[in-house]
Amino acid sequence: MTALSVSTSSAASLRADALVIGVAKGPKGIVLAPGAEAVSEAFEGKLAEILSTLGATGAEGEAVKVPSPAGLKAALVLAVGLGDTAEGSYELEALRRAAGVAARALAGSKKAALALPAESAEETEAVALGGLLGAYAFGTYKSGGGKEPVGELILLSTRKGSKDAKAAVERALVVGEEMNRARDLVNTAPNDLNPKGFAAIAQAAGKEHGLKVEVLDEKALLKGGFGGLLGVGNGSTNPPRLVKVAYTHPKAKASLAFVGKGITYDSGGISLKPAGHNETMKCDMAGAAAVFAAVVSAKRLGLAVNITGWLALAENMPSGSATRPGDVLRMYGGKTVEVLNTDAEGRLVLADAIVRAGEEKPDVIVDVATLTGAMMLALGSRTFGVMANNDELRSILHAASGEVGEQSWPMPLPPELRKGMTESTIADLANMGERMGGGLVAGLFLKEFVAEGIDWAHLDIAGPAFHEGAPFGYTPKGGTATAVRTLVRFAEQKAAGGKA
Ligand code: BES
Ligand code: MN
Ligand code: ZN
């Protein structure tokens, strides 16, 4: 991974391949952002004019390169757009994205210095995290390892020594590394990541970071009565797993359970997905990857909370041993479910995990899942839906996502949509209800499995989990690690004594 360090050197004297500055859209043309002063001086005050001539407007996503004048040690100046932000105040997300654009534009170079606005600890963290996420590359399968990401990012800051700036960079490093790990898990081809392999990775990483990891294999799942996980995993030669990752803190202010959907490949099962709908279905374990990344982050940051992560891992495949539409499964905890569509498998594995999580009586359960195409139709591909059995919790999670630069929107759980699922003639529930409001129906199904008295929220990340368009900001093609930062921020708020 790209190395990150902080330096108080002046932009003029630092040796690097490139020096990155920010430019914003001002009322009368482009404005150089704080951090660019020394660079501007080296251009004898003509930098804004030169950049304008080269076509720079300060728009978000823009990257304009200028050869350095004699007064700078770096070979190149790269100006990245910060958007409409007024002079002196920059949105943290604009900084993250600009740093990400710079890191992507400089892929292949050895060393880049970021002279972007970093006047507060928050700004420093935003620049550091955006840079680390933008530098991400997944070269596992490319001959020669693919295009090298930028080797080293040096953050220029006048605040290097200050305690809060140091902590800010440390946080960015932890969260950036763990998000990039989650992205790797999502991007790994599904023939190389099955439930057993995912569980082994969780065990190894858990050990490295001092987390307690327990894995239930197919025998233990059978013994325990986990009919949802087993029913979904039945069709595959790769059996399911339930992984428990526990982080405890001696002064914990709250106990949280994070539950992740971990379908390592979703073919749809016997209700097979048609071509055009299954090419990216390796991303169906993005919820479990996000949960794992969040728990490891919480541990590395030493947050004063207890968090148990539950990874509900299975592969959804069609075969002679697969669950049929019409089969009835007995879920963990005893409820029966008639499987009307084997492609509605996420809710089946999650139901088992949510019941199991509830047995430990956490204060809150938050599940994260690439659950429905319907949520994507509703919110597009950059926004996840937030549902909950408690309006305040839903608002808290929505607000937390906004603070960390993840787009989400609160969605309802209309009680009348429950009816369709309760009309199975032979079982307690069916795994499908009305087609209209399909994302909410899925949420209502999960709600059936939350124990009395526990606050629960559901993040449907089907849209933003996997990015198929052109890279933007710090978001590459493929796995995005969406929801990791929202979960970490939520845990931080709990650690600081915030209410659910
Ligand atoms: N994994 C899919 C949902 C999905 C779709 C995730 C697109 C990411 C991108 C899920 O298991 C699924 O197939 N859901 C069905 C449910 C339906 C059968 C009730 C869907 O949304 O079509
Ligand atoms: Mn499915
Ligand atoms: Zn699925």
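**Helix packing and empty space in a predicted model**

Analyst: In this predicted model, helix α9 (residues 286–301) packs with helix α14 (residues 484–495) at an angle of about 40 degrees, and the two axes are 9 Å apart.

User: Why are α9 and α14 called oblique to each other?

Analyst: Angles under 35 degrees count as roughly parallel and those of 65 to 115 as roughly perpendicular. The angle for this pair is about 40 degrees, which belongs to neither range, and α9 and α14 are therefore oblique. The crossing in which α9 passes α14 is right-handed.

User: Which residues of α9 and α14 make the contact?

Analyst: From α9 come Ala290, Val291, Ala293, Ala294, Ser297 and Leu301, while α14 contributes Val484, Leu487, Val488 and Glu492. By class, eight of the residues in this contact are nonpolar, one is polar and one is charged.

User: What makes Glu492 and Ser297 fall into different classes?

Analyst: Glu is listed among the charged residues, whereas Ser is in neither the nonpolar nor the charged list and therefore counts as polar. Both residues belong to the contact of α9 with α14.

User: How do you know that α5 and α9 are roughly antiparallel?

Analyst: The axes of α5 and α9 cross at roughly 155 degrees and come within 9 Å. An angle over 145 degrees counts as roughly antiparallel, so α5 and α9 receive that description. Their crossing is right-handed. On the α5 side, the contact is made by Arg171, Val174, Val175, Glu177, Glu178, Arg181, Ala182, Leu185 and Val186. On the α9 side are Ala286, Ala289, Phe292, Ala293, Val296, Ser297, Arg300 and Leu301. This contact holds eleven nonpolar residues, one polar residue and five charged residues.

User: What makes α6 and α9 roughly parallel?

Analyst: Helix α6 (residues 195–208) packs with α9 at an angle of about 10 degrees, with the axes 12 Å apart. Since the limit for roughly parallel is under 35 degrees, α6 and α9 are therefore given that name. Here Phe198, Ala202, Ala205 and Gly206 of α6 meet Ala288, Ala289 and Phe292 of α9. Six of the residues in the contact are nonpolar, one is polar and none is charged.

User: How many cavities of 30 Å³ or more are there?

Analyst: The count comes to three. The largest cavity has a volume of about 260 Å³. It is lined by 20 residues, and those closest to its centre are Arg382, Pro464, Phe472, Thr475 and Thr482.

User: Why is this space called a cavity?

Analyst: The term is used where a 1.4 Å probe fits but cannot get out, whereas a pocket is an open set of points. The space of about 260 Å³ is counted as a cavity, so it is one from which the probe cannot get out.

User: Which elements each supply at least two residues of the lining of the largest cavity?

Analyst: These are α3 (92–105), α5 (163–187) and β19 (466–467). By class, the lining has six nonpolar, eight polar and six charged residues.

User: What is the volume of the second largest cavity?

Analyst: The second largest cavity holds about 80 Å³. Among its 13 lining residues, Gly231, Val232, Asn316, Thr323 and Thr342 are the closest to its centre. The lining comprises six nonpolar residues, six polar residues and one charged residue.

User: Which residues are the closest to the centre of the largest pocket?

Analyst: The largest pocket contains about 1100 Å³ of space. Of its 41 lining residues, Lys273, Leu371, Thr372, Gly373 and Ala374 are the closest to its centre. At least two lining residues come from each of β10 (255–266), α10 (346–359), α11 (373–379) and α13 (438–447).

User: Which element gives the most to the lining of the largest pocket?

Analyst: It is α11, with six residues. The lining as a whole divides into 17 nonpolar, 13 polar and eleven charged residues.

User: What lies in and around the second largest pocket?

Analyst: The second largest pocket has about 520 Å³ of space. It is lined by 21 residues, of which Tyr136, Ala137, Phe138, Gly139 and Pro476 are the closest to its centre. Eleven lining residues are nonpolar, four are polar and six are charged.

Terms used. Residues numbered from 1 in each chain as written. Chains lettered and ligands numbered in written order. Predicted model: local features only at pLDDT ≥ 70, side-chain atom pairs only at ≥ 80, totals over all residues. Heavy atoms only, no water. Axes fitted to C-alpha atoms, helices over the stretch in contact; angles between N-to-C directions. Helix = DSSP H or I, 4+ residues; strand = E, 2+ residues; numbered from the N terminus. Left-handed = near helix turned anticlockwise from the far one by under 90°. Contact = heavy atoms within 4.5 Å. 1 Å grid on protein atoms, 1.4 Å probe; cavity = no way out; pocket = protein on both sides within 12 Å on 5 of 7 lines; lining within 4 Å. Points joined across faces, edges and corners; volume = space filled by probe spheres on them.
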